[in-house]
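Reader: I should like to understand how the descriptive terms for a protein model are justified. May we go through them one at a time?

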Amino acid sequence: MKTARVERVKTTRSRHGGKQPCLRPAASSAQKEYLNYDEGQYVTFDDLEGPRTVLVGETLFSSDGGTFVAVAECTCLSCEPTWCSWAGKDVVVKCHNTMDHTRIPGEYLIDFVREYAEDSSGEEWALAHLPLVLEKLGNRDFRGRLMRITIYERLYPISDLVDPREIAQVFYDILQIHQWLFDHPGILHRDINLDNIMFRRIDGDVYGVLNDFDLACRVNPSWNLEDGPSPNGCTGTKPFMAHDLLSTDQKRHMPRHDMESLFYAMLILICCYQRPGLMVAEPMPFLNWFNGTECEVHDAKLDFILRPINLPVQPHFCGFRAWIRELYSWLHRGHTEGRQHDDLCECRDRVDTNVDQDTEDSNNSTSDTEDVDDSEEENVPFNWYTLNGEFSYERMKFLMSFFQARELETRS
Ligand SMILES: [Zn+2]
């Protein structure tokens with residue numbers, strides 16, 4: 001039996017500016033010890049501008065589970081007294097320890113898609129929604145562990161935003177950049193979750209940024225990087241993963257799975273937080289999506305999708321109710337119809353098999369299948385790629401281009 005591959009299930013200590021509680025368990029003391037050791041460490045390296053030294057500061061994020069990831073603030077010490085191109089930029093250092101050496105590192109994918117946007121006429125808008133890699137330091141020994149070290153421009157978590165309209169713009173931007181990545185450079189992100197939905201400000205305006213390409217994969221064979229992981233692999237962060245990726249029979253990761261993840265990210269934000277930074281009192285909605293096994297989370301999500309409940313949207317986020325209700329109805333309808341269709345097919349196959357058997361037994365050349373309606377309409381296969389049209393980029397973009405009856409920024 002093939003099982004869905006969950007390559008990273010995060011247990012996060014996420015400070016989010018020091019005010020953001022997190023649904024996941026805190027990092028173990030061993031991790032904390034490791035991270036505290038790194039704080040205050042100097043890292044020196046050569047880049048195009050000459051030798052540069054950065055000072056590692058406060059840890060902003062860490063996770064462990066198959067892959068160890070930590071992100072810390074860092075300060076470029078080469079900005080003064082000499083000028084440096086990082087001057088005025090907030091930067092972070094990401095330490096990343098993965099056992100999987102077949103995967104294209106996320107920072108290379110980010111460089112690839114940024115170059116694609118820069119080189120393509122009319123696609124420059126995408127740059128505002130992509131992370132920026134400042135330096136790839138490769139593998140370095142940090143306290144006896146081989147870590148991949150990368151320096152990025154600092155991005156900010158969506159939980160730093162308070163204005164629902166700005167939050168809505170970030171979610172809408174994530175959808176737009178996700179589609180662009182898939183349709184243009186041919187990249188499927190595969191790990192939409194609240195920690196990867198970030199933003200930056202440009203001239204005061206908020207731009208959603210889809211962060212962390214460590215689980216992303218190529219979907220278009222025409223590009224020239226080494227072969228990445230199979231686009232058919234199923235992956236993600238468990239509480240945000242599409243429910244059918246958590247089942248044993250789903251083998252292909254599709255764009256609509258990431259759209260379902262975007263739905264869960266919105267749902268969890270608006271139901272589990274009274275306002276950004278303040279979680280609702282217990283019992284926490286959807287807590288079993290975080291704590292359960294893959295199988296339990298699959299069953300819980302399937303039950304959630306098939307049996308409508310009153311969604312506990314918090315008053316601060318009431319503007320999101322229309323989006324969430326609509327997206328939920330697509331999921332509910334798509335999966336209900338898909339299951340009915342599959343059940344019917346299975347039933348028809350069974351009858352056909354029985355009929356074949358009967359036919360053989362009786363040596364009768366005509367088979368009687370009148371009990372099963374073989375009308376043309378019912379022979380059309382269910383389109384699981386879009387849940388029979390319920391989930392498409394265009395449909396979701398149309399819905400999310402308006403928030404509380406006012407248009408949001410459409411970027412392309
Ligand atoms: Zn500098």
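Author: We begin with a definition: helices (H or I, at least four residues) and strands (E, at least two) are DSSP runs, numbered from the N terminus. By that numbering, R190 lies in the loop between strand 9 (187–188) and strand 10. The model is a predicted one, in which local features need pLDDT of at least 70, side-chain atom pairs count only at pLDDT 80 or more, and totals for chains, interfaces and linings use all residues. Residues are numbered from 1 along each chain as its sequence is written, and side-chain values use heavy atoms, with hydrogens and water left out.

Reader: Why does R190 count as buried?

Author: Buried means under 20% relative accessible area, exposed means over 50%, and partly exposed lies in between (1.4 Å probe, protein chains only). R190 has 1% relative accessibility, so R190 counts as buried. R190 also has a positive phi of about 70°, although it is not a glycine.

Reader: What makes D203 exposed?

Author: The relative accessibility of D203 is 78%, so D203 counts as exposed. This residue is found in the loop between strand 10 and strand 11, and its phi is near 50°, a positive value in a residue other than glycine.

Reader: How do you know that W83 is exposed?

Author: W83 has a relative accessible area of 69%, and therefore it is exposed. W83 lies in the loop between strand 4 and strand 5 (91–97). Its C-alpha atom is separated by 9.8 Å from that of E49, 34 residues apart along the chain.

Reader: Why is the contact of R154 and E73 called a salt bridge?

Author: A salt bridge is a side-chain nitrogen of Lys or Arg within 4 Å of a carboxyl oxygen of Asp or Glu. The N to O distance for R154 and E73 is 2.9 Å, so the pair fits the definition. R154 lies in the loop between strand 7 (145–153) and strand 8 (156–157) and E73 in strand 4 (residues 67–76), so the pair ties together parts that are 81 residues apart in sequence. R154 is buried, at 17%, whereas E73 is partly exposed, at 27%.

Reader: What makes the pair of R148 and D214 a salt bridge?

Author: Their N to O distance is 3.6 Å, so this pair also satisfies the definition. Both R148 and D214 are buried. A search of the whole structure finds 13 salt bridges.

Reader: How do you know that helix 4 has the span expected of it?

Author: The expected span of a helix is 1.5 Å times one less than its number of residues. Helix 4 (residues 255–272) has 18 residues and reaches 25 Å from its first C-alpha to its last, close to the expected 26 Å. Of its 18 residues, 18 are buried, so helix 4 is largely enclosed by the rest of the structure.

Reader: How do you know that the span of helix 6 agrees with the expected one?

Author: The 13 residues of helix 6 (residues 294–306) should span 18 Å, and its end C-alpha atoms are 18 Å apart, which agrees. Among the buried residues of helix 6 are V297, H298 and A300.

Reader: Which peptide bond is cis, with omega near 5°?

Author: It is the bond from E282 to P283. P283 lies in the loop between strand 14 (278–279) and helix 5 (287–291).
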